[in-house]
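Hello,

Here is the structure I promised to pass on to you. Please have a look at it first, and then read my notes below.

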Amino acid sequence: MHVAVATISRAALAHNLQRVREYVPNCPVMVMLKANAYGHGIVEVAKALADADAFGVARLQEAVTLRKAGFKQRIVLLEGFFCDRELPLICELSLEAVVHQQWQIDALSQATLSQPIRVWLKVDSGMHRLGIPPEAVTPALQQLKLLPHVLADMNMMTHFACADDLSSGMTATQIKSFNTQLKTFKSICPSGEVSLANSAAIVAHKQSHQGWVRPGIMLYGASPMLNGSAEDHQLMPVMSLTSKVMAVRNLKANETVGYGATWSSDKNTRIAVVAIGYGDGYPRHAANGTPVLINGQRCALVGRVSMDMITVDIGLVDVAVGDDVELWGSGLSANEVAASAGTIAYELFCSVTQRVLLRYI
Ligand SMILES: Cc1ncc(COP(=O)(O)O)c(C=O)c1O
């Protein structure tokens with residue numbers, strides 16, 4: 001029996017994909033399924049988003065999982081291959097590979113493959129994490145174009161560092177840098193396609209709406225923007241993490257609660273002990289005051305998060321053992337909980353552990 005459950009709404013996934021299409025009606029959509037679909041379960045999410053134009057993953061084993069489950073959609077490996085030994089499987093499974101470094105081009109030039117693979121050249125437009133630097137893009141494209149194991153129809157992409165931050169001019173600078181490469185790209189790959197936008201760029205940077213978009217977090221119903229909320233973009237939360245009250249205690253004024261005795265009450269109060277902890281993926285750094293929904297009422301986390309439990313100040317709220325608790329989800333925004341824990345909704349979702357039952361509705 002699972003006390004902690006993450007309920008995943010297929011309807012919310014479909015709604016959020018529809019929201020993407022409303023933002024970018026003319027762009028094909030590559031949905032991000034990496035990291036077990038941001039913790040939501042890669043196979044079930046892929047089924048719910050099967051209408052997307054392509055799937056994006058970060059690791060070869062994620063693509064293998066999708067192919068084994070029978071998905072025939074285009075699948076793009078966003079970090080390409082990690083060594084040349086992965087190339088035959090990439091070819092066999094008809095996967096598409098991002099190429100972000102010269103060593104990958106060299107590996108492709110040495111490879112013997114049964115059929116050519118489609119490549120997405122990743123350009124470093126300013127994030128300085130992965131990508132071919134601007135001055136090396138033309139020679140890279142020319143070199144790739146000549147390789148027998150690379151499809152002539154190459155694509156070109158980039159990724160943004162600060163698209164979530166409207167006060168930053170970085171996205172405009174990155175788009176400008178990317179656009180300077182377009183003419184050469186089109187001359188070398190006339191039917192090649194491009195891709196720039198992640199979720200934040202989809203909702204906030206129209207100039208990036210060229211070619212493919214690559215939404216992740218917005219599909220899962222959290223705002224991609226700094227200090228944003230799902231309602232700003234009419235997104236529906238997909239995951240609701242719930243558990244149960246396992247004990248209700250009276251606490252006298254000045255008594256402390258939990259490890260380290262870090263919190264004490266300034267008055268007599270009542271504490272609900274809830275069966276969720278960092279062993280389930282609830283963030284250990286959630287601060288005193290982090291909202292927790294018990295029987296639909298907002299209460300405040302107090303004291304340290306333990307491996308299996310949290311303690312919540314319920315004051316006069318009517319709470320009994322066995323009552324329902326929502327940690328984040330349809331009634332309590334993951335963005336808000338994440339902010340209170342010094343993290344982001346992405347990390348909350350990805351951190352949910354195997355002890356939690358993923359239930360699909
Ligand atoms: C290359 C790439 N594209 C798209 C995304 C999706 O980003 P988001 O979840 O912010 O939409 C990611 C996520 O990290 C990424 O690495």
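**Around the ligand**

M32, K34, Y38, R129, H159, N198, S199, R214, P215, G216, I217 and Y346 surround the ligand, each with a heavy atom within 4 Å of it. This is a predicted model, where local features need pLDDT of at least 70, side-chain atom pairs count only at pLDDT 80 or more, and totals for chains, interfaces and linings use all residues. Residues are numbered from 1 along each chain as its sequence is written, and side-chain values use heavy atoms, with hydrogens and water left out.

Some polar contacts (N or O atoms within 3.5 Å) stand out for a first look. A polar side-chain atom of Y346 is 2.6 Å from a ligand oxygen atom. For K34, a polar side-chain atom is 2.8 Å from an oxygen atom of the ligand, and a polar backbone atom of I217 also lies 2.8 Å from a ligand oxygen. On its own the ligand has 400 Å² of accessible area (Shrake-Rupley method, 1.4 Å probe), and the protein covers 90% of that.

K34 deserves a second look. An unreviewed UniProt entry lists "modified residue: N6-(pyridoxal phosphate)lysine" at K34; such annotations may be inferred rather than shown by experiment. K34 sits in helix α2, residues 34-39 (helices are DSSP runs of H or I, at least four residues). Leaving out residues up to four places away in sequence, K34 touches G56, V57, A58, E62 and L78, with heavy atoms within 4.5 Å.

Enjoy exploring!

Notes:
Helix = DSSP H or I, 4+ residues; strand = E, 2+ residues; numbered from the N terminus. Polar contact = N/O pair within 3.5 Å; in protein donor to acceptor, adjacent residues only side chain to side chain.
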